[in-house]
Amino acid sequence: MIAIIDYGAGNIKSLQFALDKLGKTSKLTMDPQEIHQADSIILPGVGAFKDAMEALQRYQLDTILKKEAANGKPILGICLGMQLFYEFSEENGGCTGLGFLSGSVKRISDKVKVPHMGWNILQADQPGALLNNLGDKPYVYFVHSYAVDDPDENTLAASADYGGRVPAIVQDKNITGMQFHPEKSGDVGIALLKNYEESIS
Amino acid sequence: MLAKRIIPCLDVDKGRVVKGKKFQDIKDVANPVELAARYNREGADELVFYDITASNEERNIFLDVVEQVAREIAIPFMVGGGIRTIEDIHSVLHAGADKVSVNSAAVQRPELIKESSDKFGSQCIVLSIDAKKTADGDYHVFINGGRKDTGMDAIEWAKQGEALGAGELVINAMDSDGEKNGYQIALTKKIADAVNIPVIASGGAGKYEHFSEVFAEGIDAALAASVFHYEEIPIPELKEYLSSQGIPMRRRA
């Protein structure tokens with residue numbers, strides 16, 4: 001069972017429907033016991049970094065996530081969920097994140113339209129099973145105004161080009177982040193989720 | 001580089017897709033869930049659903065449609081029509097929509113844009129503007145399904161909408177809607193140049209060239225209804241054509 005962390009983060013239904021298509025059982029939950037027993041965890045998220053961190057803290061989900069991360073349980077962060085893995089975001093005056101990955105989150109350059117909204121191409125930064133069978137120009141759907149600024153290069157699996165380099169897939173052992181929405185990225189998104197699920201099972 | 005988006009729009013009345021001309025003469029076209037699945041297969045980049053009746057008793061039929069669509073497709077979709085309150089926005093997002101467009105209610109109470117974007121994030125709040133050229137040569141904002149001239153300048157309203165937190169704009173050109181003579185490029189480009197958020201052109205698509213014209217002007221996305229519903233312009237062929245014109249398009253793998 002996949003535990004999808006329930007802290008009021010927007011549209012979860014599409015993610016559940018996408019996991020259904022892969023035959024994966026998922027449950028939206030904030031129950032520590034259920035999260036502990038789950039095979040893997042997904043941290044979804046839309047909205048503002050600070051609000052999300054406060055919501056996680058309110059339900060002590062930050063502590064639970066840190067414990068599960070340290071235990072080696074696979075955790076996938078999607079969109080803001082990925083950003084929360086980092087040490088710090090400058091959004092709304094600044095806020096500390098979960099600190100699973102080193103780096104910080106900054107606003108996308110105003111040289112381009114913000115939010116970065118729409119379909120952009122994933123470019124592989126290093127080979128990996130996550131990027132198998134995505135076709136020639138794998139377009140995925142992004143919606144975000146902030147992006148990871150200075151990731152550890154070893155953790156960067158794929159990025160997109162939008163007013164500079166936008167880290168799109170990051171991975172460090174059991175921690176994986178996707179800045180775009182795989183559940184909204186058509187066949188490519190479903191293939192990415194499938195690759196991810198195979199890599200952790 | 002970001003691909004330009006092709007967005008079919010489905011007007012939904014009592015659980016069916018319908019099509020009108022200049023906001024009138026409504027005709028029944030199809031089942032919304034089936035049509036959404038078809039567009040998803042054909043490579044549409046996003047979908048828009050407008051609840052065109054939006055009376056209270058029909059609201060639940062519409063929310064059921066939204067949820068069935070979310071189950072069926074894995075591309076983003078926007079919902080609009082009759083959205084008046086934070087609760088309305090919450091209920092469509094909860095049913096599985098990714099974005100919500102506000103129109104008349106935002107004109108009457110602009111704080112709705114700020115309150116909803118603070119609560120749900122700018123990325124899911126779209127300001128939809130019905131605009132029409134008036135006798136003085138300016139474009140005014142119309143509300144109530146295009147029946148009432150507010151006297152507001154469309155470009156100023158677009159800028160205000162961005163400042164209040166809208167994450168995207170849909171510009172519905174009422175003069176060109178349903179006429180198939182091309183998008184209202186002059187107005188849409190003026191607005192796109194005045195803001196730094198994505199702009200979707202709506203109203204007037206009739207042939208392939210209309211899409212390339214609008215994208216050549218830096219507009220981010222183009223919305224259309226009947227040319228797609230009646231397969232006058234098949235989406236795969238349209239994308240093939242636009243790609244050959246050098247316009248970045250998401251293509252099926």
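## A partly exposed asparagine in chain A

A:Asn92 has a relative accessibility of 47% and therefore counts as partly exposed, since that class lies between the buried limit of under 20% and the exposed limit of over 50%. The model is a predicted one. The backbone of A:Asn92 has a phi near 50°, a positive value in a residue other than glycine. A:Asn92 sits in the loop that links strand 5 (88-89) and strand 6 (95-96) of chain A.

## Overall dimensions of chain A

Six helices and 14 strands make up the secondary structure elements of chain A. The C-alpha trace spans about 45 × 40 × 30 Å along its principal axes. For 201 residues a compact globule would have a radius of gyration near 17 Å, and the value for chain A is 15 Å, so the two agree.

Of the 201 residues in chain A, 60% are buried. Among contacts with a separation of 6 or more in chain A, 69% are between residues 24 or more positions apart. Chain A has an accessible surface of about 7,900 Å², and carbon and sulfur atoms account for 45% of that surface. Chain A carries 18 positive and 25 negative charges, and the mean positions of the two sets are 3 Å apart.

## The eight-stranded sheet of chain A

Eight strands of chain A form an open sheet with mixed pairing, in the order 2-1-3-4-14-13-12-9. Strand 2 (26-29) and strand 9 (123-124) of chain A are at the edges with a single partner strand each, so one side of each has no neighbour in the sheet. Strands of a sheet pair through backbone hydrogen bonds, in either a parallel or an antiparallel sense.

Which strand pairs with strand 9 of chain A in the antiparallel sense? The partner is strand 12 (residues 156-161) of chain A, and the pairing extends over two bridges. Within this pair, A:Gln123 is opposite A:Ser159 of strand 12.

## Helix 1 and a cis peptide in chain A

Helix 1 of chain A covers residues 13-21, and its buried residues are A:Lys13, A:Ser14, A:Leu15, A:Phe17, A:Ala18 and A:Leu19. A:Gly23 comes just after helix 1 of chain A and has a positive phi of about 70°.

The peptide bond between A:Val114 and A:Pro115 is cis, with omega at about 5°. A:Pro115 belongs to the loop between strand 7 (104-107) and strand 8 (116-121) of chain A.

## Local features of chain B

Chain B also has a residue other than glycine with a positive phi: B:Lys14, with a value near 50°. B:Lys14 is in the loop between strand 1 (5-13) and strand 2 (16-21) of chain B. Is B:Lys14 buried or exposed? Its relative accessibility is 51%, so B:Lys14 counts as exposed; the cut-off for that class is over 50%.

Strand 5 (residues 77-80) and strand 6 of chain B run parallel and are joined by three bridges. B:Gly80 is opposite B:Ser101 of strand 6 in chain B. In a regular strand the side chains alternate between the two faces of the sheet. In strand 6 (residues 99-102) of chain B, B:Lys99 and B:Ser101 point one way, while B:Val100 and B:Val102 point the other way. All four of these strand 6 residues are buried.

Note on methods. Residues numbered from 1 in each chain as written. Chains lettered and ligands numbered in written order. Predicted model: local features only at pLDDT ≥ 70, side-chain atom pairs only at ≥ 80, totals over all residues. Heavy atoms only, no water. Helix = DSSP H or I, 4+ residues; strand = E, 2+ residues; numbered from the N terminus. Rg over C-alpha atoms; globule rule 2.2 N^0.38 Å. Buried < 20%, exposed > 50% of the residue type's maximum accessible area, 1.4 Å probe, protein only. Contact = heavy atoms within 4.5 Å. Areas by Shrake-Rupley, 256 points an atom, 1.4 Å probe, with all protein chains shown as cover. Lys, Arg positive; Asp, Glu negative; His and termini not counted. Charge placed at Lys NZ, Arg CZ, Asp CG, Glu CD. Pairing = 2+ DSSP bridges.
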